[in-house]
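Colleague: Please take a close look at one part of this model, the surroundings of the ligand. Then place that part in the rest of the chain.

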Amino acid sequence: MLRKITLGVALMAMVTMITTGTQADHHGDSKKGTSIEDVMHALKDGFHKKILDGSATDEEKAQMLDFAKALPKGTPPKGSKSSWKKLTKKLVVASKAVVAGKDGAIEAFGEAINCKTCHTPHKVYPPEKQ
Ligand code: HEC
């Protein structure tokens, strides 16, 4: 587990280096960035639920968008790149719509944040270790 995390961090650092090297960082906050696991821990604590029930503050919506944007920069332990891109992009688009207060945004967000839709192709469940 620890090794997996270390490797993940190393990969993230590489990806960050590559992406920041080739494109301007349009929201220059933390250099290290948020990992997939950081986002997942927030979801596990029910962060997204406030968005779904409409009680999220603007700050929380913005935080959700930051979380969503962090995901495509990470590499999931399983599944194809194109699938990961597609699912994370859907979440970014939906989170942006939530921030903008667009019609149907919450429904779209609810679909995009579906845990199982993304975990099935991209998460390795502990019982079936590689
Ligand atoms: C867009 C894709 C995506 C969505 C949506 C998603 N997850 Fe995840 N989740 C992942 C990936 C990928 C991992 C595996 C991360 C790893 O092992 O590096 C993961 C792992 C986790 C973990 C384990 C984190 C850890 O410490 O290893 C938890 C808990 C979790 N997700 C909760 C949730 C919950 C709750 C939801 C729904 C509300 C959700 N996730 C929705 C992609 C997603």
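Modeller: The ligand shell comes first, then the fold, the salt bridges and a few packed residues.

This is a predicted model, in which local features need pLDDT of at least 70, side-chain atom pairs count only at pLDDT 80 or more, and totals for chains, interfaces and linings use all residues. Residues are numbered from 1 along each chain as its sequence is written, and side-chain values use heavy atoms, with hydrogens and water left out.

Start with the shell. The ligand is surrounded by 19 residues. A residue belongs there if one of its heavy atoms lies within 4 Å of the ligand. The closest are Met40, His41, Cys115, Cys118 and His119. By class, 10 of the shell residues are nonpolar, five are polar and four are charged. Here Ala, Val, Leu, Ile, Met, Phe, Trp, Tyr, Cys and Pro count as nonpolar, Asp, Glu, Lys and Arg as charged, and the others, Gly among them, as polar.

Two helices deserve attention at this site. α2 (36-44) and α7 (115-122) each give at least two residues to the shell. Helices here are DSSP runs of H or I with at least four residues, strands are runs of E with at least two, and both are numbered from the N terminus. The largest share of the shell, six residues, is from α2.

Now the polar contacts, meaning pairs of N or O atoms within 3.5 Å; within protein, one must be able to donate a hydrogen and the other to accept it, and residues adjacent in sequence count only if both atoms are side-chain atoms. His41 has a side-chain N or O atom 2.7 Å from a ligand oxygen. His119 places a polar side-chain atom 2.7 Å from a nitrogen atom of the ligand. Glu37 has a polar side-chain atom 3.5 Å from a ligand oxygen.

Step back to the chain. It has seven helices and zero strands. The pattern along the sequence reads α-α-α-α-α-α-α. Of the 130 residues, 25% are buried. Buried means under 20% relative accessible area, exposed means over 50%, and partly exposed lies in between (1.4 Å probe, protein chains only). About 9,200 Å² of the chain is exposed, with carbon and sulfur atoms supplying 60% of it. That area comes from the Shrake-Rupley method with a 1.4 Å probe. Among contacts (heavy atoms within 4.5 Å) between residues at least 6 apart in sequence, 62% join residues at least 24 apart.

Next, the salt bridges. The count is two, where a side-chain nitrogen of Lys or Arg must lie within 4 Å of a carboxyl oxygen of Asp or Glu. One joins the side chains of Lys50 and Glu60, at 3.0 Å from N to O. Lys50 sits in helix α3 (residues 49-52) and Glu60 in helix α4 (residues 58-70), 10 residues apart. Lys50 is partly exposed, at 38% relative accessible area.

Lys90 and Glu111 form a salt bridge too, with their closest N and O atoms 3.6 Å apart. Lys90 is in helix α5 (residues 81-100) and Glu111 in helix α6 (residues 105-112), so this pair ties together parts 21 residues apart in sequence. Lys90 is partly exposed, at 39%. Glu111 counts as exposed, at 52%.

Now the packed residues. Phe109 lies in helix α6. It is buried, at 0% relative accessibility. Not counting residues up to four places away in sequence, Phe109 touches His48, Ile51, Leu52, Met64, Leu91, Ala94, Ser95 and Val98. Its C-alpha atom is 8.5 Å from that of Val93, 16 residues away along the chain.

Ser95 belongs to helix α5. Its relative accessibility is 1%, which counts as buried. A polar atom of the Ser95 side chain lies 2.7 Å from the backbone oxygen of Leu91. Leaving aside neighbours within four places in sequence, Ser95 is in contact with Met64, Leu65, Ala68 and Phe109.

Phe67 is in helix α4. It is buried, with 11% relative accessible area. Beyond its neighbours within four places in sequence, Phe67 is in contact with Thr34, Val39, Ala42 and Phe47. Phe67 and Ser95 are 28 residues apart in sequence, and their C-alpha atoms are 9.2 Å apart.

Last, Val124. This residue lies in the segment after α7. It counts as buried, at 18% relative accessibility. Val124 and Pro76 are 48 residues apart in sequence and 9.0 Å apart in space, C-alpha to C-alpha.
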